[in-house]
Amino acid sequence: MKVKFITIASLVLTLCFAVSIFVFSGQSADVSKAHSTVITERVDEIVNQGEGKYSFGQLHHFVRKSAHFLEFMGLGLFAFLTVESWRPKLWRNAARAQIFAACYAVSDELHQLYSAGRSCEIRDMLLDSAGAAIGILIAIACCLIIRSIKKPE
């Protein structure tokens, strides 16, 4: 059986997102905070431009939650593309990818219980799952557009 390039590429990217999520979850609270603080400082420069519209704490919270959302958006998108490129069944594969991402979100939060200073948050599981759902919807939209272009008239 010939495996398509898109299947392998999607699988590799899914694994990359899964591993990076695992690594970030394994960081202690101090290391995680240090990394997100660097990004928050840059966001502060761009958003506030010296005017102080948003507090550093508000921006830091936004950056940390956005990271959760975006990591899982990528995971959901590539997990969907992996299964869809293997055996095209759009909505069934969307459900498969969402279940996978939601289970990974739960395992991610449980993993954080074993990282110094970190906790397991149900709201983060929901945010992660929402990110995956958006990634899956983006992938579905792309698949539908490509199929409509390729469709012979």
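## Five helices and two pockets

H5 contributes more than any other element to the lining of the second largest pocket, supplying 6 residues. That pocket belongs to a predicted model of a chain with 5 helices and 0 strands. Read from the N terminus, the order of elements is α-α-α-α-α. Along the principal axes, the C-alpha atoms fill a box of roughly 55 × 40 × 25 Å. Below you will find the two pockets, followed by three helix pairs.

**The second largest pocket**

- The space in this pocket comes to about 310 Å³.
- Besides H5, H3 is an element that supplies at least two residues of the lining of the second largest pocket.
- The residues that line the second largest pocket are Lys-4, Ile-6, Leu-81, Glu-84, Ser-85, Pro-88, Ala-139, Cys-142, Cys-143, Ile-146, Arg-147 and Lys-150.
- Sorted by class, the lining of the second largest pocket holds 7 nonpolar, 1 polar and 4 charged residues.

**The largest pocket**

- The largest pocket has a volume of about 640 Å³.
- Its lining is made of 25 residues, and if you want to look at the centre, Ser-32, Ser-36, Arg-64, His-68 and Arg-118 are the ones that lie nearest to it.
- Two or more lining residues of the largest pocket come from each of H1, helix H2 (29-48), helix H3 (56-86), H4 and helix H5 (122-150).
- H3 provides the largest share of the lining of the largest pocket, with 8 residues.
- The class count for the lining of the largest pocket is 5 nonpolar, 11 polar and 9 charged residues.

**H1 with H4**

- Helix H1 (residues 5-26) and helix H4 (residues 90-112) have axes that come within 8 Å and cross at roughly 25 degrees.
- Angles under 35 degrees count as roughly parallel, so H1 is roughly parallel to H4.
- The crossing of H1 and H4 is right-handed.
- On the H1 side, the contact is made by Thr-14, Ala-18, Val-19, Ile-21, Phe-22, Ser-25 and Gly-26, while H4 brings Phe-100, Tyr-104, Asp-108, His-111 and Gln-112.
- By class, the residues of the contact of H1 with H4 are 6 nonpolar, 5 polar and 1 charged.

**H3 with H4**

- The axes of H3 and H4 lie 9 Å apart, and the two helices pack at an angle of about 140 degrees.
- H3 and H4 are therefore oblique to each other.
- H3 and H4 make a right-handed crossing.
- From H3, the contact takes in His-68, Phe-72, Leu-75, Gly-76, Ala-79, Phe-80, Val-83 and Glu-84.
- From H4, the contact takes in Leu-90, Asn-93, Ala-94, Ala-97, Phe-100, Ala-101, Tyr-104, Ala-105, Asp-108, Glu-109 and Gln-112.
- The contact of H3 with H4 has 12 nonpolar, 4 polar and 3 charged residues.
- Some names return from earlier topics: Phe-100, Tyr-104, Asp-108 and Gln-112 of H4 are also in the contact with H1.
- His-68 of H3 takes part in the contact with H4 and is one of the residues nearest the centre of the largest pocket.
- Glu-84 of H3 takes part in the contact with H4 and also lines the second largest pocket.

**H2 with H3**

- H2 and H3 pack at an angle of about 115 degrees, and their axes are 9 Å apart.
- The H2 and H3 crossing is right-handed.
- H2 makes the contact through Ser-32, Lys-33, Ser-36, Thr-37, Ile-39, Thr-40, Glu-41, Val-43, Asp-44, Val-47 and Asn-48.
- H3 meets these with Phe-56, Leu-59, His-60, Val-63 and Arg-64.
- The contact of H2 with H3 splits by class into 6 nonpolar, 6 polar and 4 charged residues.
- Ser-32, Ser-36 and Arg-64 belong to this contact and are also among the residues nearest the centre of the largest pocket.

Definitions and conventions:
Residues numbered from 1 in each chain as written. Predicted model: local features only at pLDDT ≥ 70, side-chain atom pairs only at ≥ 80, totals over all residues. Heavy atoms only, no water. Axes fitted to C-alpha atoms, helices over the stretch in contact; angles between N-to-C directions. Helix = DSSP H or I, 4+ residues; strand = E, 2+ residues; numbered from the N terminus. Parallel < 35°, antiparallel > 145°, perpendicular 65-115°, else oblique. Left-handed = near helix turned anticlockwise from the far one by under 90°. Contact = heavy atoms within 4.5 Å. Nonpolar A, V, L, I, M, F, W, Y, C, P; charged D, E, K, R; others polar. 1 Å grid on protein atoms, 1.4 Å probe; cavity = no way out; pocket = protein on both sides within 12 Å on 5 of 7 lines; lining within 4 Å. Points joined across faces, edges and corners; volume = space filled by probe spheres on them.
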